[in-house]
Amino acid sequence: MISANDLSPAELAALLHFHADAGVEWLLEEEAVDRFAEFEAMKAARRPAAQPQQERPTAEERPFPVDRQTSPRPSAAARPAPASSPQPAIPDGEAVQQARFVAEAARSLSELKTAIEAFNGCNLKHSARSTIFASGDVESRIMVIGSAPSAEDDREGMPFSGKSGQLFDKMLAAIGLSRSSVLLTQVIPWRPPGNRAASPAEMDICRPFIERQIALAEPQAILLLGNFAARFFFGENDTIHGLRGRWREIAVAERVIPAIASLHPQDLLTAPVNKRLAWNDLLAFQAKLNSLSLLRN
């Protein structure tokens, strides 16, 4: 086993990040314990005691015959209780209704943020560290919506963090924008465990929150980043390559807003060859903002 004293600062930081991504938040022992060696020692200690139990006595050695029908059974208290799977705090249908109620009751983004942070009807909240909410310039009328928080977003408490966030900043700068000049948010406010896709029930519960953010911000143009965000708003099951690059209209709170989808920065880190496609989408977004007089000189 490697001691922390033998690691360089960079190696130790990488190890801590690995544990954080795996969900480890507390160290309960002052020194590391080799559980594998401990388990083998326990097996070795039990083996001699278990050996005599495997040798069944003969009929002559039995003090009396065992009646299977009358032999005592363990009481209900002695039997182990069956493992129960975690249940949602609120049934899905009721949670959707609650989400709609608290979202519609919010009269400002700050009120909506408080309401979402107090909402306990979505299981995703219980496994996430942070609630990711809109940030940036509310008055810009420009909105950028990502799919769901990543591990870095969850750790930092803000959308588009880490390496993908650094690339995202460069993408905005290339068309004359910055984080402070647009409104950034995510479709889902809480990171799904293991970066899995949100379930249909989780999407239904979170929909009132993102739609209310849009209604309160009143954007005139929206940039959707990632496959999940594009499918969520366009209502199609195509990949991002089939959904990107074309202006569409989405209806929210009796308003129709032009929206265009593009690849998420994380997609571009995975496949840099697609950066040319994202650049074309950004140019189309810039042209739309210019036509709406939303870009500031």
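This presentation describes one protein chain, its second largest pocket, one buried helix, a pair of cysteines and several loop residues.

Good morning, colleagues. Please keep in mind throughout that the model is predicted.

I begin with the chain as a whole. It holds 12 helices and six strands. Of its 297 residues, 36% are buried. The exposed surface comes to about 18500 Å², and carbon and sulfur atoms account for 53% of that area. As for contacts between residues at least 6 apart in sequence, 72% of them join residues at least 24 apart. One separation of this kind can be given by name: Gly176 and Leu295 lie 119 residues apart along the chain, yet their C-alpha atoms are separated by 7.6 Å. Gly176 sits in the loop between helix 7, residues 162–174, and strand 3. Gly176 is exposed, with a relative accessible area of 53%.

I turn next to the second largest pocket. Its volume is about 440 Å³. Twenty residues line this pocket, and those closest to its centre are Ser147, Ala148, Asn195, Phe228 and His264. Which helices each supply at least two residues of the lining? They are helix 6, spanning 151–156, helix 9, spanning 227–234, and helix 11, spanning 265–270. By character, the lining divides into seven nonpolar, nine polar and four charged residues.

Two of the residues closest to the pocket centre, Asn195 and Phe228, deserve further comment. Asn195 belongs to the loop between strand 3, residues 183–186, and helix 8, residues 200–217. Its phi is near 60°, a positive value in a residue other than glycine. Asn195 is partly exposed, with a relative accessible area of 45%.

Phe228, by contrast, is one of the buried residues of helix 9. How many of the eight residues of helix 9 are buried? Six are, and the helix is mostly covered. Besides Phe228, the buried residues are Ala229, Ala230, Phe232, Phe233 and Phe234. The elements that cover them include helix 8 and helix 10, the latter at 240–243, together with strand 2 at 142–146, strand 4 at 221–225, strand 5 and strand 6. Directly after helix 9 comes Gly235, with a positive phi of about 70°.

Strands 5 and 6 bring us to another loop. Ala253 is located between strand 5, residues 248–252, and strand 6, residues 255–262. Although Ala253 is not a glycine, its phi is positive, at about 50°. Ala253 is exposed, with a relative accessible area of 52%.

My last topic is the cysteines. A disulfide is a covalent bond between the sulfur atoms of two cysteines. Why do Cys122 and Cys206 not form one in this model? The sulfur of Cys122 has its closest cysteine sulfur in Cys206, at 4.2 Å, which is too far for a bond. The cut-off applied here is 2.5 Å between the two sulfur atoms. Seen from Cys206, the closest cysteine sulfur is likewise that of Cys122. The count of disulfides by this rule is zero. Both cysteines are nevertheless covered: Cys122 is buried, with a relative accessible area of 1%, and Cys206 is buried, with a value of 0%.

To close, I return to helix 9, which appears twice in this account. It supplies at least two residues to the lining of the second largest pocket, and six of its eight residues are buried. Thank you for your attention.

Terms used
Residues are numbered from 1 along each chain as its sequence is written. This is a predicted model: local features need pLDDT of at least 70, side-chain atom pairs count only at pLDDT 80 or more; totals for chains, interfaces and linings use all residues. Side-chain values use heavy atoms; hydrogens and water are left out. Helices (H or I, at least four residues) and strands (E, at least two) are DSSP runs, numbered from the N terminus. Buried means under 20% relative accessible area, exposed over 50%, partly exposed in between (1.4 Å probe, protein chains only). Contact means heavy atoms within 4.5 Å. Accessible areas come from the Shrake-Rupley method with a 1.4 Å probe; for residues, only the protein chains shown count as cover. On a 1 Å grid over the protein atoms alone, a cavity is a set of points where a 1.4 Å probe fits but cannot get out, and a pocket is an open set with protein on both sides within 12 Å along at least five of seven lines; lining residues have an atom within 4 Å of a point. Grid points are joined across faces, edges and corners, and a volume is the space filled by probe spheres set on the points. Ala, Val, Leu, Ile, Met, Phe, Trp, Tyr, Cys and Pro count as nonpolar, Asp, Glu, Lys and Arg as charged, and the others, Gly among them, as polar.
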